[in-house]
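Welcome! Please take a moment to look over the structure below before reading the tour that follows it.

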Amino acid sequence: MSLFDFVNARKAPKAPSSPAAPFRSTRSNASATAPEAVLRGLAPDGGLYVDPEIGKGGFDVQGCLTLDPFGQAERILTRLLPGFDDMHALVQRAYAGRFASDALTPLVPVGDDYVLELFHGPTAAFKDVALCMLPQLMTAARSLTGMKEKTVILTATSGDTGKAALEGFHDVPGTGIVVFFPHQGVSAVQEAQMLTQEGANVAVCAVRGNFDDCQSAVKQVFSRYANRAPVPGVRLSSANSINIGRLAPQVVYYFLAYASLMKQGRIRFGEAVDYVVPTGNFGDILAGWYAKQLGLPVGRLVCASNANRVLTDFLTTGVYDRRREFFKTNSPSMDILVSSNLERLLFYASGGDADCVRNDMLRLQNSGYYKISASALDFIRKDFSAYSCDEPGTLGEIRRCFQETGYLPDTHTAVALHAAQEYKQKESSGAPVVVLSTASPFKFPAAVLQALGEEPEGDAFRQMAQLSAVSGLEAPASLAGLQGKAYLHQDVIEKSDIADYVLEKLPRL
Ligand SMILES: *Cc1c(COP(=O)(O)O)cnc(C)c1O
């Protein structure tokens, strides 16, 4: 599409899901092109951008699966985010030379199942898959829409998004980034990753509160400045999975895993594969559902939660209730009671009823819970199963897996491996099971050592060395290399001060 067409498309009367502006908000008829949706992050009404036509077919799945990983990424992203001119170049710039191998996300056999390792990017986080791509999409979208203002990314992180986003956006022209993380709510390694971040356009700040506090405060800042600049010359956007540009790249590795199973002769095209996903904000697993909508033969999507089992309860009963105790667990990136991306699934489950979604989200905000209709629950349960795993279960699973298979999972992956065992006992159809692995065990060395019956010694770097010795594995260079780096960020604030902090920092990024 030329810039001329693009500008005209923007001026066209708002119609839901026109080819020129395929996205609309989950909470109203407001529409957007893909580049606009990526730049805005959240829709002006507080909703999330969705493509109502995602399941309408027309995607050549089989052809896509024959391509190399970069080729698959290009095809899938072109389908999910139409309107970007040169997706080939964007994919190359995002991934070439930045992952441990060009397979991007290797599939490793573990016992009778498979582990899809998503953590071989620059910050050893699964978030890297999406956050290597997002700055490319944003830069392209800025030029497509002729945006002159600076784009400042506001991000709430449960640990891994923060570092991956900082890595992606630091010193990117025309952008700035502010990251909020829960004070004492992330692992020592995750904290070191963020606090040592260099770059002239970055701010990193700890918040006295949990991830939900950070996320809801950031969302409030977004809604306040949805239609105006917070300071002259600046527009806000999001690197969280509420941004469709963050979600779309995650669809790719569901295809990569499937292609890998075909290549190994484990399945033929068309046979179902089940995916088990360690879940927090519901972005990763929703990407699996998107893959299924595109036509990938996804069997069941198994949502694995830690002791914060709000999603397990919701997917079982249809009642979402955040009025419960919040647990700080050994899998901190999943310590979430308000899972933002569920809103997208609710939109599809309600048949695209934006009023219904808006009311449920208002009820969640004001009363702390909502209940979906029986038909919506049926719609969801057709594709999703849910299990949760408590703290002893998580550590026990790390030990069991390492002893029985020789594979050492991190705490988040262990939650999913545990769910996979339970799922196979209770409902599996016998399809191959792919467990998504979202972090390296070296990011959570204290908990993993404890699971193996070892006493963690000294600081996080000492513990990484200890874990190396016990497991015979090497720590990722991006983590071990943090040792001795200067801590550049010291801010710790109250959650009520997040908006003021943003306003104070913006002019200096
Ligand atoms: C973010 C994260 C998750 C949860 O992913 P969602 O998309 O938020 O559901 C799980 N594990 C790790 C290590 C993460 O960083």
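What follows is a short walk through a sheet, a helix, a ligand site and a few single residues.

This is a predicted model, in which local features need pLDDT of at least 70 and side-chain atom pairs count only at pLDDT 80 or more, while totals for chains, interfaces and linings use all residues. Residues are numbered from 1 along each chain as its sequence is written, and side-chain values use heavy atoms, with hydrogens and water left out.

**The sheet**

Let us begin with an open sheet of five strands, which has the order 9-6-7-8-16 and parallel pairing. Its edge strands are strand 9 (234-238) and strand 16 (492-494), each of which pairs on one side only. From one strand to the next, the twist averages 30°. Strands (E, at least two residues) and helices (H or I, at least four residues) are DSSP runs, numbered from the N terminus. Two strands pair if DSSP finds at least two bridges between them.

At one edge, strand 6 is joined to strand 9 by five bridges, and the two run parallel. I153 has S237 in strand 9 as its bridge partner. Strand 9 is mostly covered, with four of its five residues buried. Buried means under 20% relative accessible area, exposed means over 50%, and partly exposed lies in between (1.4 Å probe, protein chains only). At the other edge, strand 8 (residues 202-208) pairs with strand 16 in the parallel sense over three bridges, and V207 has I493 as its bridge partner in strand 16.

Two helices lie across these strands. Helix 9 (residues 188-195) crosses strand 7 (175-182) and strand 8, running at about 155° to strand 7. Helix 10 (residues 211-224) lies across strand 6 (150-156), strand 7, strand 8 and strand 9, and runs at about 150° to strand 6. These angles run from 0 to 180 degrees between N-to-C directions, with axes fitted to C-alpha atoms, for helices over the stretch in contact.

**Two residues around the sheet**

K150 lies in strand 6 and counts as partly exposed because its relative accessibility is 25%. Leaving aside neighbours within four places in sequence, K150 is in contact (heavy atoms within 4.5 Å) with residues including R142, T175, V234 and L509. A polar atom of the K150 side chain lies 2.6 Å from the backbone oxygen of L509.

G199 sits in the loop between helix 9 and strand 8. With a relative accessibility of 32%, G199 counts as partly exposed. G199 touches H170 and D171, not counting residues up to four places away in sequence. The C-alpha atoms of G199 and H170 are separated by 5.3 Å, although the two residues are 29 apart along the chain.

**A helix under cover**

Which residues of helix 5 are buried? In helix 5 (residues 87-95), they are M87, A89, L90, V91, A94 and Y95. Their cover includes helix 4 (69-80), helix 6 (127-131), helix 7 (134-144) and helix 11 (244-263). After helix 5 comes G97, whose phi is positive, near 75°.

**The ligand site**

The ligand is surrounded by 15 residues, the closest being K127, G280, N281, D284 and T438; a residue counts here if one of its heavy atoms lies within 4 Å. The table gives some of the polar distances, where a polar contact is a pair of N or O atoms within 3.5 Å.

| Residue and atom | Ligand atom and distance |
|---|---|
| N281, backbone N or O | oxygen, 2.7 Å |
| T438, polar side-chain atom | nitrogen, 2.8 Å |
| S333, side-chain N or O | oxygen, 3.5 Å |

Taken alone, the ligand exposes 380 Å², and the protein buries 98% of that. Accessible areas come from the Shrake-Rupley method with a 1.4 Å probe.

**A few more residues to find**

D113 is found in strand 5 (residues 113-117) and counts as buried because its relative accessibility is 8%. The D113 side chain makes a polar contact with the side chain of K424 at 2.8 Å; within protein, one atom of such a pair must be able to donate a hydrogen and the other to accept it, and residues adjacent in sequence count only if both atoms are side-chain atoms.

Finally, look at two residues that are not glycines. A124 has a positive phi of about 60° and lies in the loop between strand 5 and helix 6. F282 has a positive phi of about 70°, and its place is in the loop between strand 10 (273-278) and helix 12 (283-294). A124 is buried at 1% relative accessibility, and F282 is buried with a relative accessible area of 1%.
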